[in-house]
Amino acid sequence: MAPLLPGRLPPVLWIGPAEASGELALARAWISERAEVLDAVSPAAAVANPPESIRDRSPAAVLLASSAAISWSVLDCVTVSRRWPLAPLVSVAATLVEGRRRSGPALPGVEEVAWNDLPGRLAWWLCDRAVGAPGTLGMPATARREERLLEASRRIAAMRPRRPARVEVAATRAIDVEAVTDLVAAAGHAVVGRRLGRPLIDHTADAVVWDAGDLETPQITWTGLLSANRPHAAIILLDSFPRSETAAAAIRMGATAVLSRPASLESLSGILLDVAPQSSGIRG
C-alpha cells in the first residue's frame, strides 16, 4: 500500500521484541508503507529513551506487539500513557492470542487488532487523523466493542470515496457472496461482478475481494494468475484463519492483503483507500 497523503509519514511507536518474526514481522513490514515505524523493546525502554522524532510530540499510535497472551500488563499501558497521554494504545495480536481476542481484550481501554487486520485498520485510523477526526481510536477508553463498531460504520459512511472503486466479489458460498457484496457497498465502492467460486481471470475491476474460505495452495496459485493478468488491480483475500506462511505466499503471488473472515468494515475500507481510481480521495 502507498502512503495515504504526501509528505512526512506519521510516527507510530512499535513496542515489541527487537527481532520480530513471523506474523508480527509481516504486520510491521506492511504498516511501514503507511507510517514511520519507531521501535522499542519495552514500554520502559520507550519512555527512558524515546526515539528522536517523538521526544517532543506524541506518536499517532502506540502499538504493543503481542506474541503471547501475557506479553503486556496494565502497568505497561500506564507507563506509556503517562509519557504520551494523547497517543492511543493498540495491542497487535499474533495467532497465539486468538482466543483472547474472541473473548475480549484483557487490557482495559486498549484496542486489540489481529496482526493481519492491522494494515487496513491503521490506514483508516490515519485517514481519520489526516482530516482532524478522532475516529474510533479517539473514543473514551471505556467504550465497548459494539460502540467502536458503530462509530467506525458512521465515519466510513460519512467519508465516501469521490470516485468509488469498481470491485468484483467472489466466494465459495452464495451467502458469503452476499455478505461480502454488502461489506464492499458499505465501504462506499461499486460491486461490478459477483462470482460463486473463484474470481474471473479476465475481470476488468479495480479490485477483487475473494472470500477464499481456507487459504491454501490452489487459491494462492489462482491469485498469481489473477495478478499476472491484471497486475494493477488490487486482490484482497479473506481467510478463515490467516497464517504468516500462507499470507506471505499470497502476497508474493500478487495479493494486496489477506484479511480475517468475516472481515471488519474498517479493515476492508482501509485497504480499499488506495484502490479508488487515481487516488481520487474521500469526502470528509
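Trainee: Leaving aside its neighbours within four places in sequence, which residues is Leu237 in contact with?

Mentor: This is a predicted model, in which local features need pLDDT of at least 70 and side-chain atom pairs count only at pLDDT 80 or more, whereas totals for chains, interfaces and linings use all residues. Residues are numbered from 1 along each chain as its sequence is written, and side-chain values use heavy atoms, with hydrogens and water left out. Contact means heavy atoms within 4.5 Å. With neighbours up to four places away in sequence set aside, the contacts of Leu237 are Trp210, Leu215, Thr223, Ala250, Ala255, Ala257, Val258 and Leu259.

Trainee: Which helix supplies the largest share of the largest nonpolar core?

Mentor: A nonpolar core is a set of buried Ala, Val, Leu, Ile, Met, Phe, Trp, Tyr and Cys residues joined through side-chain atoms within 4.5 Å, and buried means under 20% relative accessible area, against over 50% for exposed and in between for partly exposed (1.4 Å probe, protein chains only). Helices (H or I, at least four residues) and strands (E, at least two) are DSSP runs numbered from the N terminus. The largest core has 39 residues, of which Trp14, Leu63, Leu118, Trp210 and Leu237 touch the most other members. The largest share of this core is 5 residues, and they come from α1.

Trainee: How many residues belong to the other core that lies apart from the largest one?

Mentor: Among the members of that other core are Ala187, Val209, Leu259 and Leu268. Its size is 28 residues.

Trainee: Within what arc do the buried residues of α1 fall, seen down the helix axis?

Mentor: The buried residues in α1 are Glu23, Leu24, Leu26, Ala27, Trp30 and Ile31. They line one face of the helix, because the directions from the helix axis to their C-beta atoms fall within an arc of 160°.

Trainee: Which residues does Ala27 touch, not counting those up to four places away in sequence?

Mentor: Ala27 is found in helix α1, which spans residues 22-31, and the residue is buried, with a relative accessible area of 0%. What covers the buried residues of this helix includes β1, β2, β3, β4, α5 and α9. Beyond four places in sequence, Ala27 touches Trp14, Trp115 and Leu118.

Trainee: What is the average turn between neighbouring strands in the open sheet that contains β1?

Mentor: Two strands pair if DSSP finds at least two bridges between them, and here 5 strands form an open sheet in the order β2-β1-β3-β4-β5, with parallel pairing. The edge strands β2 (36-40) and β5 (111-114) each pair on one side only. Axes are lines fitted to C-alpha atoms, for helices over the stretch in contact, and angles between N-to-C directions run from 0 to 180 degrees. On average, with direction ignored, neighbouring strands of this sheet are turned against each other by 30°.

Trainee: At about what angle to β5 does helix α5 run?

Mentor: Strand β4 (residues 89-93) is joined to β5 by 4 bridges and runs parallel to it, and Ser91 stands opposite Glu112 in β5. Helix α5, residues 118-130, lies across β1, β3, β4 and β5. Its angle to β5 is about 135°.

Trainee: Which strands stand at the edges of the open sheet with the order β7-β6-β8-β9-β10?

Mentor: This open sheet of 5 strands has parallel pairing. Each edge strand has a single partner, so one side of each is left without a neighbour in the sheet, and these strands are β7 (190-196) and β10.

Trainee: Which residue is the bridge partner of Arg166 in β7?

Mentor: Strand β6, residues 166-171, runs parallel to β7 and is joined to it by 6 bridges. For Arg166, the bridge partner in β7 is Ala190.

Trainee: Which peptide bond is cis, with omega near 0°?

Mentor: Most peptide bonds are trans. The proline of the cis bond, Pro262, lies in the loop between β10 (257-260) and α10 (265-272). With omega near 0°, the cis bond is the one from Arg261 to Pro262.

Trainee: Which residues does Ser267 touch, not counting those up to four places away in sequence?

Mentor: Ser267 lies in helix α10, where this residue is buried, with a relative accessible area of 0%. Beyond four places in sequence, Ser267 touches Asp117, Gly120, Arg121 and Leu259.

Trainee: What percentage of the residues of the chain count as buried?

Mentor: The secondary structure of the chain comes to 10 helices and 10 strands. Of its 284 residues, the share that counts as buried is 53%.
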